[in-house]
Amino acid sequence: MNEEDKVDQNLETKAEGTQNPEPVSTKLEKNILWWEEQFSDCADIKMLGMCLGKEMDVRGFLSYIEVTGGSFMLEKSMLGQMLQHLNTCSGEEVLEKVRQNGTGISDAVLFGTLQEAADAMLTGDCILFLDGLERAVKIPDKGYPAMTIQEVESEKSIRGSNEGFSTSVKQNTALIRKRIRSIDLKVRERKVGVRSRTNVDILYMDGLIYPEFLQEMEHRLNRFEIDGVMDIGIVQQLSEKCWYSPFPQFQMTQRPDRAAMAILEGRMVLLMDNSPEALIFPTDYNSFIKTADDYFERWQIAAFTRALRYAAAFLSMVLPGLYLAVTNYHTQILPTKLLLSFAAARQGVPFPSVIEVLLMELSFELLREAGVRLPGIMGNTIGIVGGLIIGQAAVDANIVSHMAVILVAFTALCSFAIPNEDFASAFRLLKFVFIGLCALGGFYGFLIGLQYLLIHLSQLESFGMPYLTPFIGAELNRGADEQDTFIRPPSDLLKNRPVYARADNRIRLKIRKGHAAASNAAGQEKS
């Protein structure tokens with residue numbers, strides 16, 4: 001049996017064990033025996049025997065992970081209060097109160113199988129077994145240590161909240177619930193990973209979403225069986241249908257307000273434990289260009305900055321290639337003075353212009369990667385100072401021209417203007433494709449690359465929705481989505497939800513005519 005067959009067999013064994021769980025026995029010794037066998041050689045799993053009731057006649061067994069249940073003996077903890085209360089009851093009252101949750105612990109849950117109890121303990125809660133009770137009791141405690149709510153670093157916003165997701169899926173769900181206090185906000189919970197058993201939550205608004213999107217996501221999660229999932233990026237890659245495309249088919253965000261806005265549009269959000277990010281689906285090209293600021297700022301400045309981001313995304317992909325096409329093949333389109341300026345700048349440079357551009361582009365990509373890997377202030381310093389020093393030194397040594405440095409720096413600025421990192425990475429990769437095509441064929445190479453790119457984007461889908469929505473399929477929502485594309489219109493005109501929402505529930509803004517007329521009349525009286 002080869003190594004892959006052994007791995008598959010182990011995964012199947014784990015899956016079968018989950019499908020046929022051992023029920024909780026009324027005999028405490030049997031439960032303890034199963035528990036000790038499953039958690040043998042686990043020094044961090046604490047197992048305590050105890051006796052409860054006024055007569056100390058009810059034997060119990062408590063298990064928890066060391067760092068998650070360390071405060072259970074304190075009077076302020078739920079478990080400590082529960083045990084103190086049970087010690088004042090008779091033996092029969094102890095079992096009945098636990099069975100009926102008579103102690104009033106709101107999050108206490110009874111499990112009928114030992115596997116469910118083990119999974120609950122591994123999420124950070126305490127598990128209590130009692131002799132004669134056919135259920136295991138989950139009592140919440142302080143849980144795993146987690147990164148607290150911090151300011152978002154990768155999606156800065158001038159206005160609005162700067163709260164970011166943490167590494168706890170429960171905290172992240174609560175951050176969205178804080179923004180959408182509606183009974184229609186639903187949360188579906190499941191586990192991913194045969195061994196990691198990682199919690200995954202899918203959030204959506206009941207009545208806004210198409211159930212087919214939710215079923216498709218659950219189908220994709222069931223489609224793969226993996227040993228463990230450490231980050232939400234793994235789920236993203238395994239769930240993408242068009243895996244070979246450089247463009248992401250999920251929108252990733254670290255902002256709870258952005259996720260809440262997507263839910264109100266009729267889309268869905270996937271959260272995962274141990275990951276401070278959320279996946280938004282379905283998505284489209286236009287959604288990656290938008291930011292939260294677009295709807296918090298006045299529409300004039302929001303429209304200007306969004307148009308600027310569209311132009312920056314295009315230039316970050318094609319600008320170096322267009323420079324090579326013009327200077328190598330189509331110099332006649334340039335003014336004579338500008339052409340002479342380019343020629344003078346390249347005097348003494350020993351390399352062809354394509355090698356010159358590639359050297360600078362690769363150098364800037366290397367500086368970008370080094371800046372990301374180095375800690376904090378040092379990373380920012382190496383990115384700025386390193387770029388200036390290397391660029392100036394390369395020009396002084398006649399390795400590259402001044403124009404190449406300016407071109408590559410401007411291209412880098414354009415890529416930084418794209419608000420989504422995953423989306424910007426696609427343009428960074430395609431930039432090298434256009435450099436190669438333009439170096440070989442000039443404008444013809446550029447047009448061929450642009451044609452294939454548009455064909456690919458027009459065929460790309462996110463959960464069955466066209467990726468170029470609303471530039472493609474605008475009639476699906478009677479052209480309402482076309483308003484909020486290149487330029488953001490005034491808020492009064494954004495009355496409909498996007499095409500992702502159900503057709504019978506797409507009105508999200510209504511202007512009350514009576515109030516509008518009264519406001520106009522009051523304004524006229526003042527004037």
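**Long-range contacts, a buried strand and aromatic pairs**

Among contacts in the chain between residues at least 6 apart in sequence, 65% join residues at least 24 apart. The model discussed here is a predicted one. Its chain has 527 residues, of which 45% count as buried. The secondary structure comes to 18 helices and 12 strands. About 27600 Å² of the chain is exposed, and carbon and sulfur atoms supply 57% of that area.

A good place to begin is strand 7. This strand covers residues 198–205, and 8 of its 8 residues are buried, so strand 7 is largely enclosed by the rest of the structure. Buried here means a relative accessible area under 20%. In a regular strand the side chains alternate between the two faces of the sheet. Strand 7 can be read with this in mind: Thr 198, Val 200, Ile 202 and Tyr 204 point one way, while Asn 199, Asp 201, Leu 203 and Met 205 point the other way. The residues on both sides are all buried.

What does strand 7 pair with? One partner is strand 6 (residues 185–192), which pairs with strand 7 in the antiparallel sense over 8 bridges. Within this pairing, Leu 203 of strand 7 has Val 187 standing opposite. The two strands form a hairpin with 5 residues between them, and Gly 193 in the turn has a positive phi of about 100 degrees. Another partner is strand 9 (residues 268–272), and here too the pairing with strand 7 is antiparallel, over 4 bridges. Asp 201 of strand 7 stands opposite Leu 271 in strand 9. Asp 201 is also one of the buried residues listed above.

Helix packing can be followed in helix 3 (residues 78–86) and helix 4 (residues 91–99), whose axes come within 10 Å and cross at roughly 145 degrees. On the helix 3 side the contact involves Met 82, His 85 and Leu 86, which meet Val 94, Lys 97 and Val 98 in helix 4. Sorted by class, this contact has 4 nonpolar, 1 polar and 1 charged residues.

Aromatic rings offer another view of the fold. A search of the whole structure finds 23 aromatic pairs. One of them joins Trp 35 and Phe 129, with the ring centres 5.2 Å from each other and 70 degrees between the planes, an edge-to-face arrangement. Trp 35 lies in helix 2 (residues 28–38) and Phe 129 in strand 4 (residues 126–130), so the pair ties together parts that are 94 residues apart in sequence. Trp 35 is buried, with a relative accessible area of 0%, and Phe 129 is buried with a value of 0%.

Why is the pair of Tyr 285 and Phe 427 called edge-to-face? Their ring centres are 6.5 Å apart and their planes lie at 80 degrees, so the pair is edge-to-face; the cut-off for this class is over 60 degrees. Tyr 285 belongs to helix 10 (residues 285–289) and Phe 427 to helix 17 (residues 421–459), so this pair ties together parts that are 142 residues apart in sequence. Tyr 285 is buried, with a relative accessible area of 13%, and Phe 427 is buried too, at 3%. Both residues are members of one aromatic cluster, which also includes Phe 247, Phe 288, Tyr 310, Phe 423, Tyr 467, Phe 471 and Phe 486.

How values were computed: Residues numbered from 1 in each chain as written. Heavy atoms only, no water. Buried < 20%, exposed > 50% of the residue type's maximum accessible area, 1.4 Å probe, protein only. Pairing = 2+ DSSP bridges. Contact = heavy atoms within 4.5 Å. Areas by Shrake-Rupley, 256 points an atom, 1.4 Å probe, with all protein chains shown as cover. Axes fitted to C-alpha atoms, helices over the stretch in contact; angles between N-to-C directions. Nonpolar A, V, L, I, M, F, W, Y, C, P; charged D, E, K, R; others polar. Phe/Tyr/Trp six-rings, centres within 6.5 Å; stacked < 30°, edge-to-face > 60°.
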